[in-house]
Amino acid sequence: MDVFKKLAYLDFPLGSYVVIGSGILAALELREAKDLDIAVDSILLSELKKGREYKKEFRHNKLFLVKDDVEIITQLDWEDYPTKISEAIKSADLIKGFPFLNIKETIKFKKALGREKDFKDIKLIENYLAKNIIMKNDSL
């Protein structure tokens with residue numbers, strides 16, 4: 001999936017959402033993303049709930065809005081991960097003009113999820129960060 005084409009198609013207003021999960025890995029070309037997980041603020045959530053495009057699903061006592069390969073997350077924080085959607089939006093990394101959960105926060109998020117695939121993603125991110133620090137130091 002081309003995350004940038006998908007985000008351009010969705011055309012959500014900047015400042016009202018942040019891409020979470022594997023989105024940043026795809027944006028940085030570390031691995032492919034099979035779907036797009038997007039946390040949205042209450043205003044955008046209200047607009048999306050009015051339409052009939054997204055199907056409502058309840059998982060882990062949380063509401064998700066789902067359509068094809070897009071999942072709208074309505075609550076980001078839980079017991080092992082205290083960051084709220086508003087904080088994630090404010091601290092997002094912009095890549096090609098689109099907001100992604102910042103890379104260090106993505107590590108915390110994936111640690112909290114604690115699945116095998118999340119630990120693989122953390123390794124990819126750590127390798128990316130190490131490589132980019134070395135490259136940055138070499139250019140000094």
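## Report on a predicted protein chain

Phenylalanine 98 is part of strand E7. Helices (H or I, at least four residues) and strands (E, at least two) are DSSP runs, numbered from the N terminus. The model is predicted: local features need pLDDT of at least 70, side-chain atom pairs count only at pLDDT 80 or more, and totals for chains, interfaces and linings use all residues. Residues are numbered from 1 along each chain as its sequence is written, and side-chain values use heavy atoms, with hydrogens and water left out.

### Around phenylalanine 98

Phenylalanine 98 counts as buried, at 17% relative accessibility. Buried means under 20% relative accessible area, exposed means over 50%, and partly exposed lies in between (1.4 Å probe, protein chains only). Leaving aside neighbours within four places in sequence, phenylalanine 98 is in contact with Phe4, Leu7, Ala8, Tyr17 and Asp93. Contact here means heavy atoms within 4.5 Å. Phenylalanine 12 is 86 residues away from phenylalanine 98 along the chain, and their C-alpha atoms are separated by 9.7 Å.

### The whole chain

The protein chain has 6 helices and 7 strands. Read from the N terminus, their order is α-β-α-β-α-β-β-β-α-β-β-α-α. The chain is as compact as a globular protein of 140 residues, because its radius of gyration is 15 Å, close to the 14 Å of the globule rule. That radius is taken over C-alpha atoms, and the rule is 2.2 Å times the number of residues to the power 0.38. The C-alpha trace spans about 50 × 30 × 25 Å along its principal axes.

Of the 140 residues in the protein chain, 44% are buried. Among contacts between residues at least 6 apart in sequence, 56% join residues at least 24 apart. The chain exposes about 8600 Å², and carbon and sulfur atoms supply 52% of this area. Accessible areas come from the Shrake-Rupley method with a 1.4 Å probe; for residues, only the protein chains shown count as cover.

The chain carries 25 positive and 24 negative charges, and the mean positions of the two sets are 1 Å apart. Lys and Arg count as positive and Asp and Glu as negative, while His and the chain ends are not counted. The place of a charge is taken as NZ of Lys, CZ of Arg, CG of Asp or CD of Glu.

### From strand E5 to helix H4

Threonine 74 sits in the loop between strand E5 (70-73) and helix H4 (85-90). A polar atom of the side chain of threonine 74 lies 2.5 Å from the backbone oxygen of leucine 63. This is a polar contact, a pair of N or O atoms within 3.5 Å; within protein, one must be able to donate a hydrogen and the other to accept it, and residues adjacent in sequence count only if both atoms are side-chain atoms. Beyond neighbours within four places in sequence, threonine 74 is in contact with Leu45, Leu63 and Ile85.

Isoleucine 85 belongs to helix H4. Isoleucine 85 counts as buried because its relative accessible area is 10%. Not counting residues up to four places away in sequence, isoleucine 85 touches several residues, including Ala39, Val40, Asp41 and Ile73. Leucine 101 is 16 residues from isoleucine 85 in sequence and 9.7 Å from it in space, C-alpha to C-alpha.

Threonine 83 also has its place in the loop between E5 and H4. The side chains of threonine 83 and glutamate 105 are joined by a polar contact of 2.6 Å. Other residues that threonine 83 touches, apart from those up to four places away in sequence, include Leu76, Asp77 and Ala88.

### Helix H5

Helix H5 covers residues 103-113, and Ile103, Glu105, Thr106, Ile107, Phe109, Lys110 and Ala112 are buried in it. An α-helix has 3.6 residues a turn, so residues three or four places apart point the same way. At the start of H5, a side-chain oxygen of asparagine 102 comes within 3.2 Å of the backbone nitrogen of lysine 104. Just after H5, glycine 114 has a positive phi of about 70 degrees.

### Two loop residues with positive phi

The table lists residues other than glycine.

| Residue | Phi | Loop | Relative accessible area |
|---|---|---|---|
| Aspartate 68 | near 55 degrees | between E4 (62-67) and E5 | 71%, exposed |
| Lysine 96 | near 55 degrees | between E6 (93-95) and E7 (98-100) | 65%, exposed |
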